[in-house]
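Hi everyone, thanks for coming. Today I'd like to walk you through a structure that may be new to you, so please take a look at it first.

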Amino acid sequence: MRWVVELEGQPEDEIESADPIAMVAGNLRDRGLIGPDVQIRTREEDSGLILPISTNLQTKRITFSRDMRALCEDELRFCILHENAHIQLSRRFSIFVCLAILLWIVALILLLRGDAFSVLGAIPMLFLGRMVYGSATYRFELKADYRAGHLMKSEFHVMHPSMVAKSALSHVRELKSDKRSRAEKFLRIIGYKHPKDEVRVTGIAARLDGDVCAVGTTATDSGGQRIGE
Ligand SMILES: [Zn+2]
């Protein structure tokens with residue numbers, strides 16, 4: 001495995017300055033929009049990389065596949081700001097995860113007791129834990145979208161952030177492997193819920209674009225790369 005871009009903890013001359021991801025990330029860092037402790041890396045080889053972007057909330061590391069370089073500046077900005085928002089929101093997100101785990105532990109204790117009354121009590125606990133976790137994963141995705149869209153508008157004067165989001169999400173969807181990692185399969189079993197792209201775009205449009213409906217359009221706002229449906 002070879003990392004071609006490492007903005008954090010590497011000498012300046014080891015960064016490929018022509019790499020669009022490095023340039024966009026460097027600009028966001030200079031403007032104070034991503035924390036100095038957030039690492040952004042591009043992985044040259046795709047082996048084992050199922051998602052074109054992945055973020056480790058513990059290590060605060062955002063990893064891009066090399067194919068993400070095909071995105072235009074605004075799309076990359078949106079993706080980085082979205083992942084950065086997940087890192088910023090990770091403490092609040094972990095409260096819901098802990099609550100879900102607590103409910104599952106109670107369910108497990110009840111199941112281990114084995115009597116009919118306890119087993120009956122465990123079932124709603126299992127579902128409640130799943131519901132708490134699913135609703136947190138769903139809502140925090142929309143929160144991260146809002147934060148990213150808001151910064152696109154306030155800092156980069158993008159009038160309709162939903163259009164940038166739509167084209168970025170469409171690109172990410174194209175690059176995403178059909179395979180599901182074991183971790184992803186497990187997360188779905190325990191209730192992980194991800195809003196559909198249309199819901200995300202509509203959400204950003206409703207909150208940030210004013211009365212403009214972005215769904216069904218294909219252009220980006222600020223002269224960036226246009227992509228089709
Ligand atoms: Zn996300």
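**A hairpin, a helix and two cores**

Let's start with a small detail: I53 has F64, in β4, as its bridge partner. That pair belongs to a larger arrangement, in which strand β3 (residues 53-56) and strand β4 (residues 61-65) run antiparallel and pair over 4 bridges. Between the two strands of this hairpin there are 4 residues, and K60 has a positive phi near 55 degrees. Keep in mind, please, that this is a predicted model.

Now let's step back. The protein chain contains 7 helices and 4 strands. If you follow the sequence, the order is β-α-β-β-β-α-α-α-α-α-α. Of the 229 residues, 32% are buried. And here is a number about how the chain comes together: among contacts with a separation of 6 or more, 68% are between residues 24 or more positions apart.

So what sits in the largest nonpolar core? It has 35 residues, and I21, F78, I80 and M152 have the most contacts inside it. Two or more residues each come from α1 (20-30), β4, α2 (73-88), α4, α5 and α7. The largest share is that of α2, with 7 residues. You may recognise β4 in that list; it is the strand that holds F64, the partner of I53.

Let's zoom in on F78. Leaving aside residues up to four places away in sequence, F78 touches A148, M152, V164, A165 and A168. There is also a second, separate core of 7 residues, with L103, L110, V132 and Y133 among them.

My last stop is helix α7, residues 197-208. How far apart are its end C-alpha atoms? They are 16 Å apart, and this agrees with the 16 Å that 12 residues should span at 1.5 Å a residue. Which residues of α7 are buried? They are R200, V201, I204, A205 and L208. These residues cover an arc of only 130 degrees around the axis, so they lie on the same side of α7. As for their neighbours, the buried residues of α7 pack against α4 (116-156) and α5 (161-175). Just after the helix, G210 takes a positive phi of about 75 degrees.

One general thought to go with the cores: in soluble globular proteins, nonpolar side chains tend to be buried together.

That's my tour. Thanks for listening!

Conventions
Residues are numbered from 1 along each chain as its sequence is written. This is a predicted model: local features need pLDDT of at least 70, side-chain atom pairs count only at pLDDT 80 or more; totals for chains, interfaces and linings use all residues. Two strands pair if DSSP finds at least two bridges between them. The expected span of a helix is 1.5 Å times one less than its number of residues. A residue is buried if 20 or more other C-beta atoms lie within 10 Å of its own, exposed if 12 or fewer, and partly exposed in between; C-beta atoms are placed from the backbone. The arc is that of the directions from the helix axis to the C-beta atoms. Two residues are in contact if their C-beta atoms, placed from the backbone, lie within 7 Å. A nonpolar core is a set of buried Ala, Val, Leu, Ile, Met, Phe, Trp, Tyr and Cys residues joined through C-beta atoms within 7 Å.
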